Amino acid sequence: MSTLPVYRWRLAPDGYATRRQLRAQDLRPGGQGVAAQLERPRRRRGPLVAYLYRVDLAKPVRPMTPARWAALAKANTARRTCPECRRDAGYVIPASLGMCVPCAYPEEQRRP
């Protein structure tokens, strides 16, 4: 078993990227394993760790199909639908409320 190379934060060599950096370049890891890791030291806790992948082995992001677009639209509609009044709120229902604002605070909606 070989150990991963460890680099300090912001000091990784060219040719490595995190998942987010790959995605910004329209790439994905494509089944490759973690090639290296970054560590950012912290004072009272363990270091923050970010995993790096090789850019030359990354593959292009798969394109969205019509079925994927439909599934995404359905999921977003479910996130906007209030479970109390069953209406589309027009925004994502906050998890802290669990329902749309008019259902969560009905007395404030009745004031003139």
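Arginine 10 sits in the loop between S1 and S2, where helices (H or I, at least four residues) and strands (E, at least two) are DSSP runs numbered from the N terminus. This is a predicted model, so local features need pLDDT of at least 70, side-chain atom pairs count only at pLDDT 80 or more, and totals for chains, interfaces and linings use all residues. Residues are numbered from 1 along each chain as its sequence is written, and side-chain values use heavy atoms, with hydrogens and water left out.

Back to that arginine. Arginine 10 has a positive phi of about 70° although it is not a glycine. Most residues other than glycine have a negative phi. Arginine 10 is also exposed, with a relative accessible area of 74% (buried means under 20%, exposed over 50%, partly exposed in between, using a 1.4 Å probe and protein chains only). Arginine 86 has a positive phi too, about 60°; look for it in the loop between helix H2 (66-80) and helix H3 (101-104).

Arg10 also helps line the largest pocket, along with residues including Trp9, Tyr16, Gln21 and Leu52. A pocket, on a 1 Å grid over the protein atoms alone, is an open set of points where a 1.4 Å probe fits, with protein on both sides within 12 Å along at least five of seven lines; lining residues have an atom within 4 Å of a point. The space in this one comes to about 180 Å³, taken as what is filled by probe spheres set on the points, which are joined across faces, edges and corners. Strand S2 (16-17) and strand S5 (48-54) each supply at least two lining residues.

Ala17 takes us from the pocket lining to the largest nonpolar core, where its partners are Leu22, Leu27, Tyr53 and Ala58. Such a core is a set of buried Ala, Val, Leu, Ile, Met, Phe, Trp, Tyr and Cys residues joined through side-chain atoms within 4.5 Å. Not counting residues up to four places away in sequence, Leu27 touches Leu22, Val55, Ala58, Lys59, Pro60 and Val61 (contact means heavy atoms within 4.5 Å).

Tyr53 and Ala58 turn up again as contacts of glutamine 32, together with Arg54 and Leu57, once neighbours within four places are set aside. Glutamine 32 belongs to the loop between strand S3 (27-28) and strand S4 (36-40), and is buried at 16% relative accessible area. A polar atom of its side chain lies 3.3 Å from the backbone oxygen of proline 29.

How values were computed:
A polar contact is a pair of N or O atoms within 3.5 Å; within protein, one must be able to donate a hydrogen and the other to accept it, and residues adjacent in sequence count only if both atoms are side-chain atoms.
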